[in-house]
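Biologist: I would like to learn how to read a structure one feature at a time. Could we go through one together?

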Amino acid sequence: MPDGAQPVLDVRGLKTVFKIRGGEVHAVNDVSFDLKPGELLGVVGESGSGKSVTMMSLLGLLPTPPADVRGGTVMFDGQDLLKVDAETLRATRGGKIGFVFQDPMTSLNPVYNVGMQIMEPLRKHMGMSKRAAAVRAKELLELVGIPDADQRLKDYPHQFSGGMRQRVMIAIALACDPKVLIADEPTTALDVTIQAQILELMKDLQDRLGMAVIWITHDLGVVAGIADRVVVMYGGQIVEQAPTRELFKNPQHPYTRALLKTVPRVTGTRDDRLEIIEGQPPILGAQPTACPFRDRCDVALDRCARENPPRYDVGNGHDAACFFDARTGGPRDV
Amino acid sequence: MFDGPKTTKLVEVDNLKMHFPIHTGLFRRHTGDVKAVDGVSFDIFEGETLGLVGESGCGKSTCGRAVLRLYDITDGSILIDGEEIGDVPQKDLRTKRPTMQMVFQDPQASLNPRMTVQAIIQEPLDEHTSMSKAEKRDKVLDLMDQVGLNRKFAQRYPHAFSGGQRQRIGIARALALNPKFIVCDEPIAALDVSIQAQVVNLLEDLQKEFGLTYLFISHDLSMVRHIATRVAVMYLGKIVELAPREALYADPLHPYTKALLSAVPEPDPDLHDTMDRTILTGDVPSPSNPPKGCNFCTRCPAVMDICHQQDPEYREVLPGRFVACHHYANVTTEAASAAASEASDTQSLSNTNTKTN
């Protein structure tokens, strides 16, 4: 990961609101992050934390209405993806930015064979002939480790197992040599032994192809294994951001610290009692005017109910959105 | 008999088989079987939690449901609290249901959306007791207190509750008849991590309070390590290894258990980088057409010739440790217990096995 390099993707102040009957849901609030070339960025959060909606918003994949991307900029390739016309956006999606979804069962079309589905982006985005696309499709299947690629191209999705289907999805996402690959919980629907295979494949592909990857997950273990840098989301906001090692060694936000403690492990010491985070995640009914984690936080200050903390830089490329300073054990001096 | 609570067997399962027939063709001829559970034996001691882990499709949920006789089993015997229920007809099982209950995976699907919480938790009482209306209402409110639900919400419907709270409703319903034995089928799989710990702690508290015995079915190896007393690992319809928790996680014997444990992502980057990983190739074979010999022979990193021919016997190789693997064919319980004093012997056994990996 070359430090200080120009980011390939730069998201600033993204805000997405859903209009529902009788109100609004503020799913993404002022989210800013960047993605450097060749970097694997892990995005961690629970369901409803806004991690998927963030990625869908920046690619214009949300149906409008009910979704409304209210503000922010998404700079990619010298353009703001929130401002470009539909044609450019369509060329970017699936072309320069690949996407792998969570559920390989529902994201492949059951009535087309796998070959057709891999060739589709090649023909649409790269203008390849049918023959050239077929050759490339075979290469792609081999790249993602599907044996007997020639034959398998003619098979339909139901003839593949879950892990193999997810490999097909990755092949489709990689078809046009994307600069950025966004993977939304790609291993959540898979078993651990198959998940291990896919993670291994992904690391290998990233090394060989040198693309930047955003990996969305709720599993801190997955992130620890593959990410260079991690963004933690809670209640529609980024609450902490740091290089992976730094985050796990030195978590700053109370949510991250609680999350690391609440997950049991298969190695190391076993506690008789699991640490718990009391309460429920917030309902994002309005523009937040306070810290979204304050009701469940064990170090909440009076100030947390009045102001939403900005992200404070704590050094080593690490920032946390919290008025409490974990290093000094007292309120932040600002 | 007096050395602790682990002496009375509450559940004894012997050679349990649950096959589902496959019918094909115009005349729906019986052409094969999905051998979801294929000869499983285990005991559960009173007051303990037996964890049952495995990947999707290995038959762990079917096994849990079969133990409660939610299916008519193909073969085998099930003793619960000393009573054989394996061959009892469904209508006679009704009277036995109060001792054995179940908590289901999906709290969304297992609660009737048109019933209030009060009605849901009360339903088992309606069926099995002759309590008065007032008694039932009080019992339901007590149960709600016990699982940490606010009793003010008794007249609300399931949709008004979050996933974690819905799972609490399911647990309260399972507790209503004061059961001895509860099968928890992936009770936390549908919940967020921060909520999982709340539900697991609740299950542990209830176990202590009421002396419950659990069969805890899960694919989450780290959560099972936390909650279970002993752990059984299933692969393709069979138990490949059963051992006390500490022994299983510290020194797994079966190659599948080893691979499964090493595939769990480790949330510590340092450990993650230094860990020795076994990444299995390929997928799980179909349970309708399992391979000849050992079920794991198609993916096993330590496969031998004999594995392709003979199904390994599932037996106790060390005190309390059951394994079905040819690598342990020559280890006898007597020899092992003799060697147990020199613990190094066990060590070398697992070392030889690692080398073959």
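Modeller: We will take the cysteines, then a sheet with its helices, then one residue, keeping in mind that this is a predicted model.

Biologist: Let me begin with the cysteines; how many disulfides are there over all chains?

Modeller: The general idea is that a disulfide is a covalent bond between the sulfur atoms of two cysteines. In this model the count over all chains comes to zero. Take Cys304(A), whose nearest cysteine sulfur belongs to Cys291(A) and is 5.7 Å away, and because a disulfide needs the two sulfur atoms within 2.5 Å, Cys304(A) is in no disulfide. In chain B, Cys300(B) is likewise in no disulfide, with the sulfur of Cys307(B), the nearest one, 6.1 Å away.

Biologist: Are these two cysteines, Cys304(A) and Cys300(B), buried or exposed?

Modeller: A residue is called buried when its relative accessible area is under 20%. Cys304(A) has 7% and is therefore buried, and Cys300(B), with 14%, is buried as well.

Biologist: Now to the strands of chain B; in what order do the eight strands of the open sheet lie?

Modeller: To read a sheet, one follows the strands from one edge to the other. Here the order is β6-β7-β8-β3-β9-β10-β12-β11 in chain B, and the pairing is mixed. The edge strands, each pairing on one side only, are β6 (100–103) and β11 (314–318) of chain B. Leaving direction aside, neighbouring strands of this sheet are turned by 25° against each other on average.

Biologist: How many bridges join β9 to β10 in chain B, and which helix packs on the sheet there?

Modeller: Strand β9 (residues 230–235) and strand β10 (residues 238–244) of chain B run antiparallel and are joined by six bridges, and in this pair Ala232(B) stands opposite Leu242(B). Helix α9 (residues 255–263) of chain B packs on the sheet, where α9 touches both β9 and β10 and makes an angle of about 100° with the direction of β9(B). Another helix of chain B, α5 (residues 163–175), lies across β6 and β7 (181–185), and α5 runs at about 175° to β6(B).

Biologist: Finally, what does Met18(B) touch beyond the residues up to four places away in sequence?

Modeller: Contacts of this kind show which parts of a chain meet in space. Met18(B), found in strand β1 (residues 9–24) of chain B, touches several residues, including Val34(B), Ala36(B), Tyr71(B) and Ile73(B). Met18(B) has a relative accessible area of 4%, so Met18(B) is buried. The C-alpha atoms of Met18(B) and Cys58(B), 40 residues apart along the chain, are separated by 12 Å.

Notes
Residues numbered from 1 in each chain as written. Chains lettered and ligands numbered in written order. Predicted model: local features only at pLDDT ≥ 70, side-chain atom pairs only at ≥ 80, totals over all residues. Heavy atoms only, no water. Buried < 20%, exposed > 50% of the residue type's maximum accessible area, 1.4 Å probe, protein only. Pairing = 2+ DSSP bridges. Helix = DSSP H or I, 4+ residues; strand = E, 2+ residues; numbered from the N terminus. Axes fitted to C-alpha atoms, helices over the stretch in contact; angles between N-to-C directions. Contact = heavy atoms within 4.5 Å.
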